[in-house]
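Thank you all for making time this morning. I would like to walk slowly through one structure, and I will start with the term that we need for its sheet.

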Amino acid sequence: GAAAAAAASGGGGGGRAGGAGGAAAAGVLSDGDVGVDIARSDKSDPSLATAETAAEQATLEMGLRWFFQRLEVHTLRLLPSLSTRGLTSLAWGFSKAHCGSAELYDKLCAHMMPRVRDFSSSDVATAAWAMAVVGHTDTDLFRAMADRASDTIGAFSPQSLANTLWAFGKVGHYAPQLFSAASEHFGFVNGQLKPQEMSNVLWAYATVGHSDTRLFNTAAAITTTRAHTLTPQALANTAWACAKAHFCPPALFDALAKQTSARIAEFKPKELANLTWAFASTRLADPALFSLIDDAASTRVDEFKFVELLMLGRSFAKACHVSEVIFCMIEDQAEAVIPELEAQALANLAWMFAVVDRRCPALFSPSFARACEDANFDDTSLRMLHQFSLWCDEISEPCLLSSDLLRACSEAFSDKVDVTTSYNHMQVAETLVSMGYDVEIEKVSNCGYSIDIVAAAGEDQVWLEIDGPTHYLGSSYVPTGSTSLKRRQLLRLGGQELVVIPYWEWSGLGLNAEHRKSYLSHKLSDRLYWYFQAQEMDGSY
């Protein structure tokens, strides 16, 4: 166990490179073994220096693999005689170096299982972290470790407990009793948690879906003032976790946005994708931040995996931001992977192109329709596909989805629970009635959308949308992608003029009834003007 841990640590390095350093330093593999003579190379040539660095790295990695392959042979024979600490140290060493076969991890788990009841808090944290890093999920072992950790929760240091929870989240093992016990423990030690550790804790809670408002409030207080100490990954994880848990304090997201803007070049593709999703989902970032993220991602677009591009594209669409580079790359790659996409990814793909109103016949082809027929869509995805089918009507393009699937999409869209009436709605409706209009609230249009207010005077009829803060991005007056899509499709397909009443305009009128009447009279007096004004507000001009 000590040998594995020492080799994996590599004299303070991390991961493969660090472990390789430890192996090479012990003389496991010399430069000559891979035919590289570093001593005789020309140090003054930058290109040769780069080649030497790559050769040294390859040498170290080969040495690491060789060392751990030999060590594994001996380890498998010695497992029955090892102590508990020896077993957990071996697991840590092999996983830290990303080495070891499935057989090794199976046997490590089998030998640790009977001893879990004697695990210290350090043993639990070490074993859980090791298995999570290599993605080796042994349900029985994690269940036993959860019980042991819950019983000894007071013995955990903040860092050990944070690592343990991260590991459970990483392998997707939800142990309610452990997370509840951890919440109580953090109530006593929250002042000792570093922002980096708190980021891991939040990520774990959000990943397994364990709700704890007090913990998230504590995390927000810590992170808001110390966001500058977080690594890019921790910034992304914190934003993602809070958005996933629907915990969205503006002060925290302002701090995260400032750090994102200042350190945009430091983020890896996956981190950028997660950040963008978080900011778009919470609607707490202004459009300028999405433009900044777009610029950063576009210059490195070749580094992004398709799933990361898809997350970026959908997030940009939610923020009503059109990224030419990102969407072009999605178009180029999507056609080849469509048969492999899951239901949610197919729905996201269709919805984002509908929101930004970007035609792509080669993408939404019979191949896309066949993939949709084979997919198992939930109600949310069906509603997104309904909006996609409406978009096909908007642009006079055939929608290749089957009639059965389109029927299911329409039914899911009509059944959605989204008919809450706000105080502003009622105020506008009451004012319209006092002006002589007949008013109907939350009327369903022929395309399935619920219209906030339909006002009629004789044969004249007008639709009104009363849009509150959730319909806009951050503190801006830019509508979200969902709001823009609804406005545009009501305008193009509904056959009626649409009047948009933003919350800041209505609130600015105060309680004066005459001011409200005058405002609405002005809004309704020139239908053509407001028709084009609404078009301009939804970005379709």
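Before I describe the sheet, let me say what I mean by pairing: two strands pair if DSSP finds at least two bridges between them. Please also keep in mind that what you have in front of you is a predicted model.

With that term in place, the sheet is an open one of four strands, arranged in the order β1-β2-β3-β4, and its pairing is mixed. Its edge strands are β1, covering 438-444, and β4, covering 498-502, and each of these pairs on one side only. From one strand to the next, the twist averages 30°. As general background, the strands of a sheet pair through backbone hydrogen bonds, and they may do this either parallel or antiparallel.

Let me go through the sheet pair by pair, beginning with β1 and β2, which run antiparallel and are joined by six bridges. Valine 444 stands opposite serine 450 in β2, and the two strands form a hairpin with five residues between them. In that turn, glycine 448 has a positive phi of about 105°.

Moving on to the next pair, β2, which is residues 450-457, and β3, which is residues 460-467, also pair in the antiparallel sense, here over five bridges. If you would like to find this pairing on the screen, valine 454 has tryptophan 463 in β3 as its bridge partner, and alanine 457 stands opposite aspartate 460 in β3. The hairpin of β2 and β3 has two residues between the strands, and within this hairpin glycine 458 takes a positive phi near 65°.

Why can we call β2 largely enclosed by the rest of the structure? The reason is that seven of its eight residues are buried, where buried means under 20% relative accessible area. On the other side of the sheet's order, helix α25, residues 513-525, lies across β3 and β4, and it runs at about 145° to β4.

Now I would like to turn to three individual residues in helices, starting with histidine 386, whose place is in helix α20. Histidine 386 has 8% relative accessibility and therefore counts as buried. A polar atom of its side chain lies 3.0 Å from the backbone oxygen of cysteine 447. Leaving aside neighbours within four places in sequence, histidine 386 is in contact with Cys409, Ser410, Phe413 and Cys447.

Glutamate 394 also lies in helix α20, which covers residues 379-394, and because its relative accessibility is 13%, glutamate 394 counts as buried. Which residue's side chain does glutamate 394 join through a polar contact of 2.8 Å? The partner is arginine 488. With neighbours within four places in sequence again left aside, the contacts of glutamate 394 are Arg488, Gln489, Arg492 and Leu493.

The third residue is glutamine 427, in helix α22, which spans residues 423-434. Glutamine 427 counts as buried, because its relative accessibility is 8%. Not counting residues up to four places away in sequence, glutamine 427 touches Trp506 and Arg516. Glutamine 427 and alanine 513 are 86 residues apart in sequence, and their C-alpha atoms are 9.8 Å apart in space.

Let me now move to another part of the model, the second largest pocket, which holds about 730 Å³ of space. It is lined by 18 residues, and those closest to its centre are Trp166, Lys170, Gln233, Asn237 and Lys270. The elements that give two or more residues to this lining are α8 (158-171), α10 (195-208), α12 (232-244) and α14 (269-282). Of the lining of this second largest pocket, the largest share comes from α12, with five residues.

I will finish with the chain as a whole, which has 26 helices and four strands. Of its 541 residues, 51% count as buried. How much of the contacts with a separation of 6 or more comes from residues 24 or more positions apart? Such residues account for 70% of those contacts in the chain.

Key:
Residues are numbered from 1 along each chain as its sequence is written. This is a predicted model: local features need pLDDT of at least 70, side-chain atom pairs count only at pLDDT 80 or more; totals for chains, interfaces and linings use all residues. Side-chain values use heavy atoms; hydrogens and water are left out. Axes are lines fitted to C-alpha atoms, for helices over the stretch in contact, and angles run from 0 to 180 degrees between N-to-C directions. Contact means heavy atoms within 4.5 Å. Buried means under 20% relative accessible area, exposed over 50%, partly exposed in between (1.4 Å probe, protein chains only). A polar contact is a pair of N or O atoms within 3.5 Å; within protein, one must be able to donate a hydrogen and the other to accept it, and residues adjacent in sequence count only if both atoms are side-chain atoms. On a 1 Å grid over the protein atoms alone, a cavity is a set of points where a 1.4 Å probe fits but cannot get out, and a pocket is an open set with protein on both sides within 12 Å along at least five of seven lines; lining residues have an atom within 4 Å of a point. Grid points are joined across faces, edges and corners, and a volume is the space filled by probe spheres set on the points.
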